[in-house]
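Student: I should like to ask for a close look at one part of this protein, with its surroundings explained in order.

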Amino acid sequence: MGNCSHFHPIFCILPPHILQEISTRGTPQQATWARNTLNITATLRENRQLAISRVQSPIARVLNGKDRVVYDASHSDTLPGTRVRGEGDGPSSDVAVNEAYDGAGATYDLYHDVYGRESVDGKGLRLDSTIHYQTNYDNAFWNGQQMVYGDGEESLPADQRIFNRFTIAIDVIGHELTHGLTQYTANLNYSDQSGALNESISDIFGSLVKQRSLGQTATQADWLIGKGLLAARIKGVALRSMKAPGTAYDDPILGKDPQPATMKDFQNMGGDNGGVHINSGIPNHAFYLMALEMGGNAWEKAGRLWFVTLRDKLRATSDFQECANLTAQTAGELFGNNSLEHQAVRKGWADVGINVVAIPPVSPPPTTTDPAPTPTPPNTNPGCLAAPATSLRALGKRLFGGK
Ligand SMILES: [Zn+2]
């Protein structure tokens, strides 16, 4: 039995601890499904390096805008499967096809229309999705190249299911595609705190895809991840809660949601790559707190400053403290030091037990009116892919009308 390795990770929506609980608490049949899902994931991990080498090969791309293809694995393990819907094709009679297509579209739209990014790689990568992967497969994942969705136990009567189909929750689709976004930007190591940040960033943008598609403000949103995924008989509302980590489910088969909300309950652990799906509750909750403090639509301000931080500043080894420092720095650059947004970021992190340590802001380029311009390195944070001040200003101008 295995789970995601941080060397060649397969980015699954369902954490291994849930599957392990099912394998010990479920019926013999449910335990078999859970073990199969864990074993399939372990096999996929072995193939991950191949996928990486293909993704990183210098393929010439044509920027055609939004480009989605949905494939059907017909319950096999063959990827990508048979092509069933391409960009611009009409809806299918299969609801999973349409959910995969629409969810990929909503994710593309958030990245493109709000943050000005051309797909997950910034170069127009086609968004490929495969549905009906295997039989009774309890997971969805990004394999470094494409999205893959299992059906849960939808082939069985409702009273025998644990999970519904994994395309049912648009935030799950946004979560998985955001693993692609992270792969092409900060490429956060998938273990310990950097891995928990990797997971948290997927939850954050997954939730923002859902909030934007529903037109919900930060106050109106439920901040749940994977609502609708748990079968009706399961005692729980979702896989995770950004609003109240640790409260998403408490069920005889699944166990209890183990996520901490603050550093006081941070879990040092070996499993789950050092708790990447567990401790992600802490930055998740920090984001929720700062988005609520800023008000309005969470994808516009809080989402933007996290997007810029992910794209330009976070690095593979960033931990929670560095992420806190860098998101606060970005808030200062985009909205002004001591602006409401800057203060909201500091407060959100402080409320989960992390105090922001100020990083000197990136200095503006000297102008002719400067009395004594002092040469300043463009990046005061060695190792980070910091954006030049000019691109940050251009970004702010595009979004906030020159503010
Ligand atoms: Zn994930």
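Student: Among contacts in the protein between residues at least 6 apart in sequence, what percentage join residues at least 24 apart? After that, please give a close account of helix H7, residues 281-294.

Tutor: The structure is a predicted model, in which local features need a pLDDT of at least 70 and side-chain atom pairs count only at pLDDT 80 or more, while totals for chains, interfaces and linings use all residues. Residues are numbered from 1 along each chain as its sequence is written.

To take the question first, 64% of the contacts between residues at least 6 apart in sequence join residues at least 24 apart. Two residues are in contact if their C-beta atoms, placed from the backbone, lie within 7 Å. The protein has 11 helices and 10 strands; helices (H or I, at least four residues) and strands (E, at least two) are DSSP runs, numbered from the N terminus. Of its 403 residues, 52% are buried. A residue is buried if 20 or more other C-beta atoms, placed from the backbone, lie within 10 Å of its own, exposed if 12 or fewer, and partly exposed in between.

We may now turn to H7. The expected span of a helix is 1.5 Å times one less than its number of residues. For the 14 residues of H7 this gives 20 Å, and the end C-alpha atoms are 20 Å apart, so the two values agree. H7 is mostly covered, with 12 of its 14 residues buried. Among them are Gly 281, Pro 283, Asn 284, His 285, Phe 287 and Tyr 288. The cover over these buried residues includes H5, strand E8 (240-241), helix H8 (302-312), helix H9 (320-335) and helix H10 (340-351). After H7 comes Gly 295, which has a positive phi near 75°.

One residue of this helix, Ile 282, shows how such burial arises. Ile 282 counts as buried because it has 28 C-beta neighbours inside 10 Å. Beyond its neighbours within four places in sequence, Ile 282 is in contact with Pro 260, Ala 261, Thr 262, Met 263, Phe 266, Phe 320 and Val 352. For one of these partners, Ala 261, the C-alpha atom lies 4.8 Å from that of Ile 282, although the two residues are 21 apart along the chain.

The covering elements deserve attention in turn. H10 has 12 residues and reaches 16 Å from its first C-alpha to its last, close to the 16 Å expected. Its buried residues are Glu 341, His 342, Ala 344, Val 345, Arg 346, Gly 348 and Trp 349. The relation with H7 runs both ways, since H7, H8 and H9 are included in what covers the buried residues of H10. H10 is followed by Gly 353, with a positive phi near 100°. In the loop between H9 and H10 lies Asn 338, which counts as exposed because it has 11 C-beta neighbours inside 10 Å. Its phi is near 65°, a positive value in a residue other than glycine.

H5 (residues 192-214), another element that covers H7, also packs against helix H3 (residues 95-115), at an angle of about 95° and with the axes 9 Å apart. Axes are lines fitted to C-alpha atoms, for helices over the stretch in contact, and angles run from 0 to 180 degrees between N-to-C directions. H3 is therefore roughly perpendicular to H5, a description that applies from 65 to 115 degrees. Ala 106, Thr 107 and Leu 110 of H3 meet Leu 208, Val 209, Arg 212 and Ser 213 of H5. Asp 192 is found in H5 and has a positive phi near 50°. With 18 C-beta neighbours inside 10 Å, Asp 192 counts as partly exposed.

Finally, a word on confidence. The pLDDT is the predictor's confidence in each residue, from 0 to 100. The mean pLDDT of the protein is 86, and 81% of the residues reach 70 or more. Over residues 49-60, however, the pLDDT is below 50, and over residues 368-403 it stays under 50. Where pLDDT is low, the predicted coordinates should not be read in detail.

Definitions and conventions
Angles under 35 degrees count as roughly parallel, over 145 as roughly antiparallel, 65 to 115 as roughly perpendicular and the rest as oblique.
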